[in-house]
Amino acid sequence: MTAPTKPSPDSPADAPSDTSLGESPLHGAVIEWFDDNARDLPWRRPEAGPWGVMVSEFMLQQTPVNRVLPVYEQWLARWPRPADLAKDAPGEAVRAWGRLGYPRRALRLHGAAVAIAERHGGDVPTDHAQLLALPGIGEYTAAAVASFAYGQRHPVLDTNVRRVFARAVTGVQYPPNATTAAERKLARTLLPDDERTAARWAAASMELGALVCTAKNESCHRCPIAAQCAWRLAGKPEHDGPPRRGQTYAGTDRQVRGKLLAVLREAHSPVPQAALDRVWHEPVQRARALDGLVADGLVEPLPGGMYRLPLT
DNA sequence: GAGTCGTGGAA
DNA sequence: TTTCCAAGACT
């Protein structure tokens, strides 16, 4: 771990920018904490490279680190470069995705690899706009890859960072359901001017949210900025207002899709309709789920009522 | 902008 | 047991 970058001594202390706090004590404390507490994750090691970072970001979308780890290792061993994945069938990506969930991510990662092979000479693009143009890469992932893989200066606003900001700065328990313009502005304001420091800050603030400033059972006693946390100083008021979520799962199309795709992942030859029919009793919903998978490109229908993971 | 899209561990 | 939620993207 490198030492935290000190606030640049040449920045005039009497001219605080209104678009950037440059460096507040906040940054130093969080980055120093990160130096001592960062997890040793494979995609953070130098040998991971931009492709490793990108693969990890796809897998980590809405999925816990512990579940990603084994799949990540197998993925990189099998497809060490984007072009390796691009040469394989998209269905193989879906199969290797296993039970990570949201299998469209596997399809998009394959699509991104194809685009990288075709348009970017096989190298993960360094440009933020080019990253954003790849399938499966949105506002967060583009900033994350540019920052973590290439050390660039971008506001990286994931659920962890949003929660840290909500508490430490805004003084509320949870951020809004959807990212707001105010949050983006705050993220830009807090982003250190120095590129290397900004990248370090992005990783550090995320890690703080993941390990200390967690959604439940937060550990303020281990928090490097507890003394300045607006939420804690306000007495940690609980979230008021409507419930933040409400995603039921049992009985939904998502569950049926999951069961259907599980059958196809395990099979290494086309599967007859009858085998798929066994996973769900209700024919209308079952057909709707299967149609949805086909429409998404996750399943390829064959003549004679056979199905398989997509070859193209 | 609200809905949709998987999965499984922990509280 | 039920509920929550874990580095979002896309429509």
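**Entry 1: the surface near DNA strand B**

I began with helix H13, which gives the most to the surface near DNA strand B, with four residues. I kept in mind that this is a predicted model, and I then noted that helix H13 (253-266) and helix H6 (104-119) each supply at least two residues of that surface.

I next looked up which of the 15 residues around DNA strand B come nearest, and I found Arg 67, Arg 99, Pro 103, Arg 104 and Arg 257. When I sorted the surface near DNA strand B by class, I wrote down seven charged residues, four polar ones and four nonpolar ones.

**Entry 2: polar contacts with DNA strand B**

Which part of DNA strand B does a polar side-chain atom of Arg 257 lie 2.2 Å from? I found that the partner is a phosphate oxygen, and I recorded a similar entry for Arg 99, where a polar side-chain atom lies 2.3 Å from a phosphate oxygen of DNA strand B. For Thr 63 I noted a base nitrogen of DNA strand B instead, with a polar side-chain atom of Thr 63 at 3.0 Å from it.

I also checked the atoms of DNA strand B within 4 Å of the protein, of which 58% belong to sugar or phosphate and the rest to bases.

**Entry 3: the surface near DNA strand C**

I turned to DNA strand C, which has 30 residues around it, and among these Trp 43, Gly 136, Thr 141, Asp 158 and Asn 160 come nearest. Of the atoms of DNA strand C that come within 4 Å of the protein, sugar and phosphate account for 63%. By class, I listed twelve nonpolar, ten charged and eight polar residues on the surface near DNA strand C.

**Entry 4: backbone contacts with DNA strand C**

For Gly 136 I noted a backbone N or O atom 2.6 Å from a phosphate oxygen of DNA strand C, and for Gly 138 a backbone N or O atom 2.9 Å from a phosphate oxygen of that strand. A polar backbone atom of Tyr 140 is 3.4 Å from a phosphate oxygen of DNA strand C.

I then asked which elements give two or more residues to the surface near DNA strand C. The ones I found are helix H2 (49-60), helix H8 (139-150), helix H9 (159-170) and helix H11 (195-211).

**Entry 5: the annotated span**

Last, I looked at the record, where an unreviewed UniProt entry places the feature "domain: HhH-GPD" at residues 59-211. In the model, the span of residues 59-211 is 67% helix and 0% strand, and its end C-alpha atoms lie 19 Å apart.

Methods:
Residues numbered from 1 in each chain as written. Chains lettered and ligands numbered in written order. Predicted model: local features only at pLDDT ≥ 70, side-chain atom pairs only at ≥ 80, totals over all residues. Heavy atoms only, no water. Near = heavy atom within 4 Å. Polar contact = N/O pair within 3.5 Å; in protein donor to acceptor, adjacent residues only side chain to side chain. Nonpolar A, V, L, I, M, F, W, Y, C, P; charged D, E, K, R; others polar. UniProt positions renumbered as here; feature names shortened; annotations may be inferred.
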